[in-house]
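Work through the exercises below with the sequence and the 3D view at hand. Try each task before reading its solution.

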Amino acid sequence: IAPLACAIGLIIWALIFFFSRYVSLASIIAAAAIPVTAWIVYGKQGRLLPAFLTALGMLIIWRHKSNIQRLIQGSEHRFVRSKDKKI
């Protein structure tokens, strides 16, 4: 639907995940970045696509509300590669 916005969102997701190791944090930030990018890139062509992506991003962030609470509390699980796990 919006390849450039999605590509930028994917890059942002990968960077946030690489540096934080939180899948949920990367997903939340990407869900916010895609609509912002859509408004910048596609906003002059019409408002329907950016508005749809904004609603979708808000839904994704709302669905992550328990993850947001755990991130704030410091109890969210980080991604750990199997060779990094302690035995």
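**Exercise 1. A salt bridge**

Task: Decide whether Glu 76 is buried or exposed, and find which side chain meets Glu 76 in a salt bridge.

Solution. The model is a predicted one, and side-chain atom pairs count only at pLDDT 80 or more.
Step 1: The relative accessible area of Glu 76 is 12%. Buried means under 20%, so Glu 76 is buried.
Step 2: Side chains of opposite charge can pair when their charged atoms come close.
Step 3: The partner is Arg 70, with 2.7 Å from N to O. The cut-off for a salt bridge is 4 Å, so the pair of Glu 76 and Arg 70 counts.
Step 4: Arg 70 has 31% relative accessibility and is therefore partly exposed.
Step 5: The count for the structure comes to one salt bridge.

**Exercise 2. A buried serine**

Task: Locate Ser 24, classify its exposure, and list its contacts beyond four places in sequence.

Solution.
Step 1: Ser 24 belongs to helix H2.
Step 2: With a relative accessible area of 6%, Ser 24 is buried.
Step 3: Once neighbours within four places in sequence are set aside, Ser 24 is in contact with His 64, Asn 67, Leu 71 and Glu 76. Glu 76 is also the residue that forms the salt bridge with Arg 70.

**Exercise 3. The length and packing of helix H2**

Task: Test whether the span of helix H2 (residues 23-42) agrees with 1.5 Å a residue, then state what its buried residues pack against.

Solution.
Step 1: Helix H2 has 20 residues. The expected span is 1.5 Å times one less than the number of residues, so H2 should span 28 Å.
Step 2: The end C-alpha atoms of H2 are 27 Å apart, which agrees.
Step 3: The buried residues of H2 include Ser 24, Ile 28, Ile 34, Pro 35 and Tyr 42.
Step 4: The buried residues of H2 pack against H1, helix H3 (48-63) and helix H4 (65-73).
Step 5: Ile 40 also has its place in helix H2. Its relative accessible area is 66%, so Ile 40 is exposed.

**Exercise 4. Aromatic pairs**

Task: State how many aromatic pairs the whole structure holds, and describe the geometry of the pair formed by Trp 13 and Phe 17.

Solution.
Step 1: A search of the whole structure gives three aromatic pairs.
Step 2: In the pair of Trp 13 and Phe 17, the ring centres are 5.2 Å apart and the planes are at 15°. Planes under 30 degrees apart count as stacked, so this pair is stacked.
Step 3: Trp 13 and Phe 17 are four residues apart in helix H1, so about one helical turn separates them.
Step 4: Trp 13 is partly exposed at 27% relative accessible area, whereas Phe 17 is buried at 13%.
Step 5: Phe 18 and Phe 19 form an edge-to-face pair, with 5.1 Å between centres and 80° between planes. Both of these residues are exposed.
Step 6: Ring pairs join Trp 13, Phe 17 and Phe 79 into a cluster.

**Exercise 5. A positive phi**

Task: Say where Arg 21 is found, what is notable about its phi, and which residues it contacts beyond four places in sequence.

Solution.
Step 1: Arg 21 is in the loop between H1 and H2.
Step 2: Most residues other than glycine have a negative phi. The phi of Arg 21 is near 65°, a positive value.
Step 3: Arg 21 is partly exposed, at 23% relative accessibility.
Step 4: Apart from neighbours within four places, Arg 21 is in contact with Ile 16, Arg 78, Phe 79 and Arg 81.
Step 5: Arg 21 and Arg 81 are 60 residues apart in sequence, and their C-alpha atoms are 9.9 Å apart.

**Exercise 6. A nonpolar surface patch**

Task: Name the residues of the nonpolar patch on the surface, and classify the exposure of Ile 1.

Solution.
Step 1: The patch is formed by Ile 1, Phe 52, Leu 56, Leu 59, Ile 60 and Trp 62, and their accessible area together is about 630 Å².
Step 2: Ile 1 lies in the segment before helix H1 (3-20).
Step 3: Ile 1 has a relative accessible area of 81%, so this residue is exposed.
Step 4: The C-alpha atoms of Trp 62 and Ile 40 are separated by 23 Å, with their places 22 residues apart along the chain.

Definitions and conventions. Residues are numbered from 1 along each chain as its sequence is written. This is a predicted model: local features need pLDDT of at least 70, side-chain atom pairs count only at pLDDT 80 or more; totals for chains, interfaces and linings use all residues. Side-chain values use heavy atoms; hydrogens and water are left out. Patches are made of residues with over 30% relative accessible area and no salt bridge: like charges are joined within 9 Å, nonpolar side chains (Val, Leu, Ile, Met, Phe, Trp, Tyr) within 5 Å. Accessible areas come from the Shrake-Rupley method with a 1.4 Å probe; for residues, only the protein chains shown count as cover. Helices (H or I, at least four residues) and strands (E, at least two) are DSSP runs, numbered from the N terminus. Buried means under 20% relative accessible area, exposed over 50%, partly exposed in between (1.4 Å probe, protein chains only). Contact means heavy atoms within 4.5 Å. Rings of Phe, Tyr and Trp (its six-membered ring) pair if their centres lie within 6.5 Å; planes under 30 degrees apart count as stacked, over 60 as edge-to-face and the rest as tilted.
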